[in-house]
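Here are some short exercises to help you find your way around a new structure. Try each task on the model yourself, then follow the worked solution.

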Amino acid sequence: MGRRTQPLLTPSFVLCYAICLHLAYAQLVAPLFTYLGFGYQTPVWGLYGVALVGVAALSAALSSRLQRPSDFVSWILFLITVVPAMLVPHYTGVLSPVTSMAISFWVGSSFGLTLLIVRFASVHPGATALSLRLPPALFWAGWLAFALATVGLLAVVTGVRPPVAGLGAAYQIRDVYRVRLGGFPPLPYMLSAQAYILNPLLLVHGLRNRRWFTVFAVTGLQYYLYTQTGFKTYLLSVPLLLVVAVVIHPRVRTAILPVGLVAGITGAAFLDALAGSIIFTSLFTRRFLSVPGVLMAEYVDFFNNHVLAKLSHSVLEGWFTYPYDLPIPYLIGRYMLVVRSNAANANLYADAFANFGWVGVLLVGVLLGFVLVFADRAAHGLPIAVSAVVLTMPCIALANSALLTVLVTHGLGLGIVALALAPKGSWEPPKPKPRRRNLLG
């Protein structure tokens with residue numbers, strides 16, 4: 001394959017992913033989940049085609065290899081949030097074609113600003129590392145102290161519950177945990193830090209140093225956290241993190257990422273056909289890939305005709321009065337399904353629109369760009385696989401939460417700090433010492 005054709009590969013694979021997502025949504029998701037707000041309407045092909053061209057152009061601007069944390073985060077965010085947000089509203093039937101095109105333009109522009117900021121910072125001669133490496137013994141002693149504090153506080157809250165539970169018991173365990181949480185507000189933040197940042201950091205350390213006991217111990221700790229809280233992502237994140245640790249490498253071309261999602265969509269449909277179910281498509285294609293686009297349309301539909309929130313429920317509470325009787329996710333959940341208890345947690349762009357309209361969508365792109373610059377500076381000198389594993393769960397959280405929420409609650413801020421403090425030279429197995437040759441042969 002010649003060099004002239006290589007720049008066309010990535011946009012081609014991304015377009016294949018976009019088409020595959022469209023077909024799966026139209027043929028499998030919408031017919032069975034209309035009652036949940038997953039409607040379908042044939043798009044206006046001219047405007048939809050322009051949106052597809054925009055998606056292809058953005059994919060061409062992304063890095064062809066993963067060299068820095070910003071490369072990894074940008075690619076994952078692009079595939080699971082930006083592409084659905086730009087394309088899915090065109091065929092949900094919630095918005096007019098013109099409004100759907102406006103979403104494509106503003107979300108694409110916001111993501112483009114993120115890429116420009118990261119690109120400028122990477123080539124600027126004044127770029128410096130922000131790392132403050134700790135000695136390995138001190139760093140891992142800090143990890144152990146935090147883990148003991150988290151597990152100990154969790155035991156106080158939940159009691160000493162037998163650490164045996166299947167996935168079917170998740171909701172029952174979660175209800176008990178929330179009832180008992182009571183007066184321990186720091187615990188959820190500590191659990192997120194432990195499960196999404198610190199445990200993955202130790203997991204990749206054990207994997208790269210071939211310390212298999214460490215890998216099994218971290219897996220066991222994740223399972224224990226699940227059995228005490230009912231949060232399935234604590235447990236299900238382990239195989240995903242192992243795949244990231246093995247696959248992500250500077251020599252691997254990023255074109256495999258959209259190919260992997262195409263394989264996931266088709267594989268889920270195939271398994272459902274074999275099992276006579278819809279569970280795999282529901283979990284992967286609907287929940288993981290389609291929801292960011294569907295909720296983007298619902299948020300724009302609601303806040304185009306209602307008062308913007310202006311972060312009056314958050315950091316600007318003292319400046320503005322919150323105008324609604326429910327938090328935004330529950331507000332949109334009620335708007336979609338007339339169910340007060342349904343939380344429609346949307347991606348960072350939808351949340352930005354809910355607070356400040358299209359200007360907010362652009363601003364969140366700028367803020368994200370600076371966050372990724374800090375991540376690159378913090379991770380200077382670390383293998384890309386380490387940074388990718390640490391930032392995987394916060395990156396996925398951006399598809400379902402506001403940027404500020406992910407920074408504080410879902411570990412993105414802590415992940416950057418952890419990368420800045422992590423020892424630089426402890427991520428490879430020690431090389432065997434060369435044998436001394438006998439002079440007599």
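**Exercise 1.** Decide whether phenylalanine 280 counts as buried, partly exposed or exposed, and find the surface patch to which Phe280 belongs.

*Solution.* Please keep in mind that this is a predicted model.
- Step 1: Locate the residue. Phenylalanine 280 sits in helix H12.
- Step 2: Compare its accessibility with the cut-offs. Buried means under 20% and exposed means over 50%. Phenylalanine 280 has 35% relative accessibility, so it counts as partly exposed.
- Step 3: Look at the company it keeps. Phe280 joins Phe270, Leu271, Leu274, Ile279 and Leu283 in a nonpolar surface patch of about 610 Å². Helix H11 (256-275) and helix H12 (279-303) are the elements that give two or more residues to this patch.

**Exercise 2.** Work out whether the length of helix H9 agrees with the expected span, then find what covers its buried residues.

*Solution.*
- Step 1: Helix H9 runs over residues 212-229, which is 18 residues. The rule multiplies 1.5 Å by one less than the number of residues.
- Step 2: The expected span is 26 Å and the end C-alpha atoms are 26 Å apart, so the two agree.
- Step 3: List the buried residues. In H9 they are Thr214, Val215, Val218, Leu221, Gln222, Leu225, Tyr226, Thr227, Gln228 and Thr229.
- Step 4: Find the cover. It includes helix H6 (136-158), helix H7 (170-181), helix H8 (186-208) and helix H10 (232-247).
- Step 5: Check what follows the helix. Glycine 230, just after H9, takes a positive phi of about 85°.

**Exercise 3.** Find which residues arginine 68 pairs with through salt bridges, and say why one pair ties together parts that lie apart in sequence.

*Solution.*
- Step 1: Recall the principle. Side chains of opposite charge can pair when their charged atoms come close.
- Step 2: Take the first partner. Arginine 68 and aspartate 71 form a salt bridge with an N to O distance of 3.7 Å. Aspartate 71 is buried, at 8% relative accessible area, while arginine 68 is partly exposed, at 29%.
- Step 3: Take the other partner. Arginine 68 also meets aspartate 376 in a salt bridge, at 3.6 Å, N to O. Arginine 68 lies in the loop between helix H2 (45-61) and helix H3 (69-87) and aspartate 376 lies in helix H14 (residues 348-378), so this pair ties together parts 308 residues apart in sequence. Aspartate 376 is buried, with a relative accessible area of 14%.
- Step 4: Put the pieces together. Shared partners join Arg68, Asp71 and Asp376 into one network.
- Step 5: Complete the count. There are three salt bridges, and one of them links arginine 334 with aspartate 325 at 3.0 Å, N to O.

**Exercise 4.** Describe the surroundings of threonine 114.

*Solution.*
- Step 1: Threonine 114 is part of helix H5 (residues 97-123). Its relative accessibility is 1%, so threonine 114 counts as buried.
- Step 2: Beyond neighbours within four places in sequence, threonine 114 is in contact with Gly365, Leu368, Gly369 and Leu372.
- Step 3: Threonine 114 and leucine 367 are 253 residues apart in sequence, yet 7.8 Å apart in space, C-alpha to C-alpha.

**Exercise 5.** Say how the radius of gyration of the protein compares with that of a compact globule.

*Solution.*
- Step 1: For 441 residues, a compact globule would have a radius of gyration near 22 Å; the protein has 23 Å, which agrees.
- Step 2: Add the makeup: 17 helices and zero strands.

Methods: Residues are numbered from 1 along each chain as its sequence is written. This is a predicted model: local features need pLDDT of at least 70, side-chain atom pairs count only at pLDDT 80 or more; totals for chains, interfaces and linings use all residues. Side-chain values use heavy atoms; hydrogens and water are left out. Helices (H or I, at least four residues) and strands (E, at least two) are DSSP runs, numbered from the N terminus. Buried means under 20% relative accessible area, exposed over 50%, partly exposed in between (1.4 Å probe, protein chains only). Contact means heavy atoms within 4.5 Å. Patches are made of residues with over 30% relative accessible area and no salt bridge: like charges are joined within 9 Å, nonpolar side chains (Val, Leu, Ile, Met, Phe, Trp, Tyr) within 5 Å. Accessible areas come from the Shrake-Rupley method with a 1.4 Å probe; for residues, only the protein chains shown count as cover. A salt bridge is a side-chain nitrogen of Lys or Arg within 4 Å of a carboxyl oxygen of Asp or Glu. The radius of gyration is taken over C-alpha atoms; the globule rule is 2.2 Å times the number of residues to the power 0.38.
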